[in-house]
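Reader: I'd enjoy a close look at how the aromatic and charged side chains are arranged in one part of this fold. Please walk me through that part in one go, with the cut-offs as you use them.

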Amino acid sequence: MKRYRSLSIIMLVLLMLLVGCTGGTTEVYEQSTEPFTIDDVTGILGGLTTVGDYVDAVEPTNYSWFFIGEATGETQLVLNNPDGIVEIRFKTQSGSIAGEAEGESEQLPDDILSLPATVTAIEWLNENFVAIATIRGIDVGANKEKVLSGYLRTGNDADVMYTIEDINAQADMSWIAEWAIVGGRFIPKGGSGGFYEWDTLEYGWCELTGPDVWKEYYKLVYELDNNVVRSIRLYIEGDEKEDPTE
């Protein structure tokens with residue numbers, strides 16, 4: 001009896017050592033069946049509607065801006081924080097900030113803070129950027145498997161996690177620019193002719209606002225370093241194609 005008890009103790013000690021050496025057991029994530037969509041974006045931007053709202057949330061150390069042009073009358077404003085970057089667009093009567101169509105500053109004039117604004121890009125540079133919540137709670141520092149499990153995933157193709165056909169087999173993709181994928185894919189470091197500097201998980205969505213009228217393209221990018229998220233970027237673009245019949 002003592003012999004078996006001793007063996008049990010030895011096995012328990014060996015198991016404890018094994019767990020200690022491997023950093024604990026591998027975490028298992030429940031696989032989501034939901035694709036990345038516009039709902040993910042609106043879900044993290046609740047309550048942010050004006051220039052001042054974004055300024056208060058991001059607490060930028062400095063700003064840069066430029067007037068986009070007469071076609072939209074909008075100004076693009078970049079809010080820089082050491083931990084993250086947010087880009088927004090808004091309209092001013094003059095098309096400028098403090099009389100300048102393009103510039104940089106550590107402060108903004110009070111008269112633009114109440115103007116309505118829409119976000120066009122967010123970049124989470126590290127886990128300290130909590131001004132705007134990450135999508136689906138997947139933060140910088142998460143491992144690759146957590147990202148993969150957080151979104152729809154179909155098939156066995158390592159590079160393509162899902163396509164528009166998995167969401168809607170009848171979807172007409174001819175109305176979306178060729179580069180604007182709807183789905184999820186993995187691009188290894190150096191892919192697309194060296195354009196990708198890191199292993200990348202990329203998700204795309206294009207909002208359909210009417211029959212064959214695709215608007216507002218959304219792209220979510222996770223850059224990976226040794227299978228760990230090093231940064232997250234969200235892009236929101238405008239109309240991707242005009243009606244060729246017009």
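Author: Phenylalanine 195 is exposed, its relative accessible area being 63%, whereas tyrosine 196 has 11% relative accessibility and counts as buried. (Buried is under 20% relative accessible area, exposed over 50% and partly exposed in between, with a 1.4 Å probe and protein chains only.) This is a predicted model, in which local features need pLDDT of at least 70 and side-chain atom pairs pLDDT 80 or more, while totals for chains, interfaces and linings use all residues. Numbering runs from 1 along each chain as its sequence is written, and side-chain values use heavy atoms, without hydrogens or water.

Five aromatic pairs are counted. In the pair of phenylalanine 195 and tyrosine 196, the ring centres are 5.3 Å apart and the planes meet at 80°, so it is edge-to-face. (Phe, Tyr and Trp rings, the six-membered one for Trp, pair with centres within 6.5 Å; planes under 30 degrees apart are stacked, over 60 edge-to-face, the rest tilted.) Ring pairs also join Tyr151, Tyr162, Tyr203 and Tyr222 into a cluster.

Now to the charges. There are five salt bridges in the structure (a side-chain nitrogen of Lys or Arg within 4 Å of a carboxyl oxygen of Asp or Glu). One of them links arginine 185 to glutamate 202, at 2.6 Å from N to O. Arginine 185 belongs to strand 7 (residues 183–187) and glutamate 202 to strand 8 (residues 199–210), so this bridge ties together parts that are 17 residues apart in sequence. (Strands are DSSP runs of E with at least two residues, helices runs of H or I with at least four, both numbered from the N terminus.) The two ends sit in unlike surroundings: arginine 185 is partly exposed, at 26% relative accessible area, while glutamate 202 has 2% relative accessibility and counts as buried.

Arginine 233 and glutamate 223 also meet in a salt bridge, 3.0 Å from N to O. This pair links distant parts of the chain, with arginine 233 in strand 10 (residues 228–236) and glutamate 223 in strand 9 (residues 213–225), ten residues apart. Both arginine 233 and glutamate 223 are buried. Through shared partners, salt bridges join Glu223, Arg230 and Arg233 into one network.

Strand 9 also holds lysine 219, and this is a residue I'd linger on. Lysine 219 is buried, yet it has no salt bridge. What is lysine 219 in contact with, neighbours within four places in sequence aside? Its partners are Phe36, Glu202, Tyr203, Gly204, Arg233, Leu234 and Tyr235 (contact means heavy atoms within 4.5 Å). That list brings back some earlier names: Tyr203 from the ring cluster, Glu202 from the bridge with arginine 185 and Arg233 from the network.

Between strand 9 and strand 10 there is a loop that holds asparagine 227. The phi angle of asparagine 227 is near 65°, a positive value in a residue other than glycine. Asparagine 227 is partly exposed, with 43% relative accessible area.

For a last stop elsewhere in the chain, take glutamate 74 and arginine 89, a salt bridge whose closest N and O atoms are 4.0 Å apart. Glutamate 74 lies in strand 2 (residues 74–81) and arginine 89 in strand 3 (residues 84–91), so the bridge ties together parts 15 residues apart in sequence. Glutamate 74 counts as buried at 17% relative accessibility, and arginine 89 is partly exposed at 30% relative accessible area.

Note on methods. Lys and Arg count as positive and Asp and Glu as negative; His and the chain ends are not counted.
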